[in-house]
Amino acid sequence: MKEGKTFLGVPVARPRVAFFELSSCEGCQLQLLNNESTLLDFLSLMEIVRFREGMKEASDDYEIAFVEGSVTRKDEEERLKVIRKQAKVVVALGSCACFGGVNQLKNRFHDLAWVTKEVYGSFPIDTQEVKPISAIIEVDLEIYGCPVKKEEVERIVTLLVLGEEIQHPQYPVCMECKARENICLFDLGEPCLGPVTRGGCDAWCPSNRMGCWGCRGPVPEANLDQLRIIMAERGISREQMLDRLECFGGFAGYLASQDGIFGKKDTKEE
Amino acid sequence: MLFKVFPVCELNRLFAVLQSERIVGPVKKGEDQHGRILYDFDVVRDFSDLHLDFTQTIHSAKKYFLPYRENLCTFTFKDGDWQKEVDYGGSAPLIFFGLHSCDINALNKLDKVLLGGRYPNSFYAKNRAKMFIVGHSCTPQPFCFCKSMGTDSAIHGFDLFLTRLDGIYFAEVLSARAFHLLENIDCRDPDSEEHRRYLEAIATRESMFVAHVDTSDLTKILDLEFQAPVWKEWGERCLSCGTCAQVCPTCYCYGVEEHVDMNFAHGRKEKMLYSCNLLDFASVAGGHNFRPESHTRLKYRYYHKHRGFVEAFEESLCVGCGRCGQSCLAGITVPEVIASVRASKE
């Protein structure tokens, strides 16, 4: 903590922050670098001591750890435990870290050895069932999205530095989609998980005429049973809905609870 | 009230006279998967973009007087101190060209709450102050139930109201500005034959309503049926997504969030239109949620519109525009909900 700024006359510490990546595309971290117009302000909030995409130096002395990616290897589990030991605050950055992300799609297959052979052929690597980081260590804060929305990360980091309470939207994507006055994707005949997915993305995909794939996971109390009826009424197949619910892993809990309808019997067969 | 008539072709000139100011009207937004045209309100620069024959817009015109998000105030932090700045906005005049009666009545109702109370909403007042409203008659759609809500015609709240007859517009003139505006175009007093045609058009329109809501003794019935099981059935369907409130022309409830800029030099207090159907609408400090169940939230939306507001203002807050039912993916419509609650009475 050095040369802190002040807010309303009160000194605000500038925490030492490290970014880590497990199995992921590192696109969430790239999102943060992409925000050129506010990048300097963002950097003034914290002292970044490790950020592979943006600097050569790498320190192991940090207070906040942002972890992107899911756990797919044993050594990643060990790395996570070390990070947890060092960091006061561990933040799961993006859908891979929060839910397993796109990576966890492979979990739908029974035979992971077959998957490894199919993908890597005669160059096998050590890979196991995909897990969110919360399956290995305690996580203090989750930032959803594939990729994360940089404005949201900035808001959350500001609150984190100020020591304020951080709340995620309790409403689904529809709320923000309506505020942007989009044509409902269902009116265009497209499936959309907007009604059950946590908002906060400003209806990023629907505003570009692409139905929501649920990357931010379910809104609390998501009415998935009704969405299933809505999809069926509109002739959208169960498989199409399943594809979306499975894509990022956020709905894994719901899918598991629907054994026989959407459950393992359906999802794990090839 | 004064009445005037002018040939349909003169409307273009009327538009041109007003064009020095910002005109908002119904425009074509796109088509749905079945080729049905979808409309919304937007700024209109070219007369040919104005679709006065629109059925109903997806969203109300709310964003022009109750924006989905608006800054209530901003703060500047300096030398350990702070300064607050308030900008009520809305200084530019706004012309609504082609509002239906339901939406004019929605504004009249909002005026009662947001201007008439002890604490008028300055932001709304500023947006309302320089508004000029040209109303336009409509063709009732199968989902329209404004007639049941008594909002199928507007008796005030507009400057000019146009009813299209064969070849002419029959204009109701309510303001001096509208009167002088008509001096710019080829316009005259209607004759008795045109009076007859106007009344005939009204009668024809009246006969076209399909959807109805029985509002007789509704406040009492809602009180009697507060525990009716039918609320739970609607609650099971409800997605708690807030869509109904977002498209509603009279839903004015909101939440407030405070934001601090990353440079700690500025902050702002932002208002965001919210919906009583959203999970945390009735969450309070300490974490208690007074309406954790979907059906209790849905019920309260109906109680606000059809009971609480009636008690306070002797009229419903619902204008029967049907937008909520049209936008609800779960197919929850006001006529069906009210009918089902009435039926609970055995």
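**Exercise 1.** In chain B, what percentage of the contacts with a separation of 6 or more is accounted for by residues 24 or more positions apart?

*Solution.* Two residues are in contact if their C-beta atoms, placed from the backbone, lie within 7 Å. Residues 24 or more positions apart account for 72% of the chain B contacts with a separation of 6 or more. The structure is a predicted model, in which local features need pLDDT of at least 70 and side-chain atom pairs count only at pLDDT 80 or more, while totals for chains, interfaces and linings use all residues. Residues are numbered from 1 along each chain as its sequence is written, and chains are lettered from A in the order in which they are written.

**Exercise 2.** State how many helices and strands chain B contains, and assess its compactness.

*Solution.* Chain B has twelve helices and eleven strands (DSSP runs of H or I, at least four residues, and of E, at least two). Its radius of gyration, taken over C-alpha atoms, is 22 Å; the globule rule (2.2 Å times the number of residues to the power 0.38) gives 20 Å for 346 residues, so chain B is as compact as a globular protein of that length. The C-alpha trace of chain B spans about 65 × 65 × 45 Å along its principal axes.

**Exercise 3.** Determine how helices α2(A) and α6(A) are oriented, and list the residues in contact.

*Solution.* The axes, lines fitted to C-alpha atoms over the stretch in contact, of α2 (residues 36-45) and α6 (residues 150-162) of chain A come within 10 Å and cross at roughly 25 degrees. Therefore α2(A) is roughly parallel to α6(A) (angles under 35 degrees). The contact involves T38(A), F42(A) and L45(A) of α2(A), and E154(A), V157(A), T158(A) and V161(A) of α6(A).

Notes. Axes are lines fitted to C-alpha atoms, for helices over the stretch in contact, and angles run from 0 to 180 degrees between N-to-C directions. Angles under 35 degrees count as roughly parallel, over 145 as roughly antiparallel, 65 to 115 as roughly perpendicular and the rest as oblique.
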